[in-house]
Amino acid sequence: MHASELSQLVIAPAETDSDLEAMIHVRRLVTPEARPTVESLRFNLDRNPDLAYLVARAAGEPVGCGFVEPFGPYAAGDVAVVPEHRRRGVGSSLLGELSRRARALGKEQLQGEAKESDPESIAFLERRGFVKVGAERAVVLALEGVEPPPPDPPEGVRIASRVEEPDRLDEMYAVAVQADEDIPGSTGVQTFEQWRAHEIDKPNRRPELSFLALAGDEVVGYAALQVFGDEAFHGLTATRRDWRRRGVATALKRAEIAAAKQAGFRRLLTESEERNEPMQRLNEKLGFVPAPELSTVVMRGPVQ
C-alpha cells in the first residue's frame, strides 16, 4: 500500500449493520458467488461469542474483510481484499490482526480456504508459511429442464421432510457426529449447539428443504439445503455408518433435487472434500458437473 493510503487504513471489528454491509460489499467484489446477508452475519455473531468479523477501510472505503474463530485445534480464518487494493498491504494487515486474535484464543495455527482459481491468494498464503491440507471440489446442477427421479429409497426406508418430522434433532445430530468423524480432513466433532446453529436455526435454512431418512422409527440419514437467492447449496449428506452404501444418500440427494426444482431455484450447488470419492461419484451419477471456478484449496499455516 502506498504510504499515504496505508496511514489511512483502519481495521476494526464489524459490529454494526453498517459494518456488516461493508463486509458484504467486499464479498460481492471478491467472491460474487457468495451471498451473505446482514441477517445471516448477525445470526453468526449472536450464536458464537468467539467469532470476530473484521472490516478494513482506507479513507473510509471498505477495501477488505476477514473473520476468525476457534476451529478444533486451530483457528479458522479468512482474508478478502478488493482486487484493485491488493499488493498494498491490506491483506498482510488483516492477516496480522487475525493472528493476534487467534493467539488470544489460544491458537497457534490458522486454517482457511482460497479459491482454486485464485493463484494470487494461494501464493500470498504460501509466502507466509501456509500449506495445502485439503481441497473442496465444487459441482453444480442446472435445474432448468431437469426431471428429478423419485427418491427410491432402499427397502424399509422412507424419506420425510423436517416439516413432517420436526422432533428428530437429537437423532439427526447423532448421525452428524459420525459424519464429522469420518469425513476426510475433519478436525473434530461439533457440539450439539454448534450443529444446531448451522444445520437448523440459520436464517437460510428451511425445514421443507431438509430431509430425513427413517428406517422404521430410527433416523439413519439426513440432508439439507441452504438458500442463497435463486440458488440452493446442498451441504452435508450424512448417513449412519450401518446404513452406508445401501442407497440412503442417493435417495436423500434425489429428494433435495426435487425440492430445489419445485421451489424454483435456478441451480443446485454442492462440494465434497477431494478425498471423498464415494460422494464425488454419487454427485456425478446425479448429473452434477465440475465447477472449478467455485472449488477451493484448504490452507493451514502459522499465526503471523
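**Exercise 1. The second largest pocket**

How many nonpolar, polar and charged residues does the lining of the second largest pocket have?

*Solution.* This is a predicted model, in which local features need pLDDT of at least 70 and side-chain atom pairs count only at pLDDT 80 or more, while totals for chains, interfaces and linings use all residues. Residues are numbered from 1 along each chain as its sequence is written, and side-chain values use heavy atoms, with hydrogens and water left out.

Step 1. A pocket is defined on a 1 Å grid over the protein atoms alone, as an open set of points where a 1.4 Å probe fits, with protein on both sides within 12 Å along at least five of seven lines; lining residues have an atom within 4 Å of a point.

Step 2. The lining of the second largest pocket consists of 13 residues, and those nearest its centre are Arg137, Ala138, Val139, Gln280 and Pro290. Two or more lining residues come from each of E6, H9 and strand E12 (289-290). Such helices (H or I, at least four residues) and strands (E, at least two) are DSSP runs, numbered from the N terminus.

Step 3. Sorted by class, the lining has 7 nonpolar, 4 polar and 2 charged residues. Here Ala, Val, Leu, Ile, Met, Phe, Trp, Tyr, Cys and Pro count as nonpolar, Asp, Glu, Lys and Arg as charged, and the others, Gly among them, as polar.

Step 4. The space in this pocket comes to about 170 Å³, where grid points are joined across faces, edges and corners and the volume is the space filled by probe spheres set on the points.

**Exercise 2. The nonpolar cores**

Identify the residues with the most contacts inside the largest nonpolar core, and the element that gives the most to this core.

*Solution.* Step 1. A nonpolar core is a set of buried Ala, Val, Leu, Ile, Met, Phe, Trp, Tyr and Cys residues joined through side-chain atoms within 4.5 Å. Buried means under 20% relative accessible area, exposed over 50%, and partly exposed in between (1.4 Å probe, protein chains only).

Step 2. The largest core has 27 residues, and Leu143, Ile257, Phe265, Leu268 and Phe288 have the most contacts inside it. At least two residues of this core are supplied by each of E6, E8, strand E9 (218-228), helix H8 (248-263) and helix H9 (277-285). With 7 residues, H8 gives the most.

Step 3. Beyond its neighbours within four places in sequence, Ile257 is in contact with Leu141, Leu143, Pro148, Leu268, Leu286 and Phe288; contact means heavy atoms within 4.5 Å.

Step 4. Another core, of 23 residues, lies apart from the largest one and includes Ala52, Ala58, Val63 and Val90. In soluble globular proteins, nonpolar side chains tend to be buried together.

**Exercise 3. Two hairpins**

Which residues in the hairpins of E2 with E3 and of E3 with E4 have a positive phi?

*Solution.* Step 1. Two strands pair if DSSP finds at least two bridges between them. Strand E2 (residues 52-58) runs antiparallel to strand E3 (residues 61-71), and 7 bridges join them. Opposite Arg57 stands Pro62 in E3.

Step 2. This hairpin has 2 residues between its strands, and Ala59 takes a positive phi near 55°.

Step 3. E3 and E4 also run antiparallel, joined by 8 bridges. Tyr74 in E4 is the bridge partner of Phe71. There are 2 residues between these strands, and Gly72 in the turn has a positive phi of about 60°.

Step 4. Pro73 is found in the loop between E3 and E4. Its contacts, aside from neighbours within four places in sequence, are Lys107 and Thr187.

**Exercise 4. Buried or exposed?**

Classify Arg87, Asp152, Asn204 and Arg27 as buried or exposed.

*Solution.* Step 1. Arg87 lies in the loop between strand E4 (74-81) and helix H4 (90-104), with a positive phi near 60°. Arg87 counts as exposed because its relative accessibility is 69%.

Step 2. Asp152, in the loop between strand E6 (131-142) and strand E7 (157-161), has a positive phi near 50°. Because its relative accessibility is 57%, Asp152 counts as exposed.

Step 3. Asn204 lies in the loop between helix H7 (192-201) and strand E8 (205-215). Its relative accessible area is 12%, so Asn204 is buried. Leaving aside neighbours within four places in sequence, Asn204 is in contact with Leu225, Gln226, Val227 and Phe228.

Step 4. Arg27 is placed in helix H2 (residues 17-30) and is buried, since its relative accessible area is 17%. Not counting residues up to four places away in sequence, Arg27 touches Pro32, Pro36, Cys65, Asp78 and Ala80.
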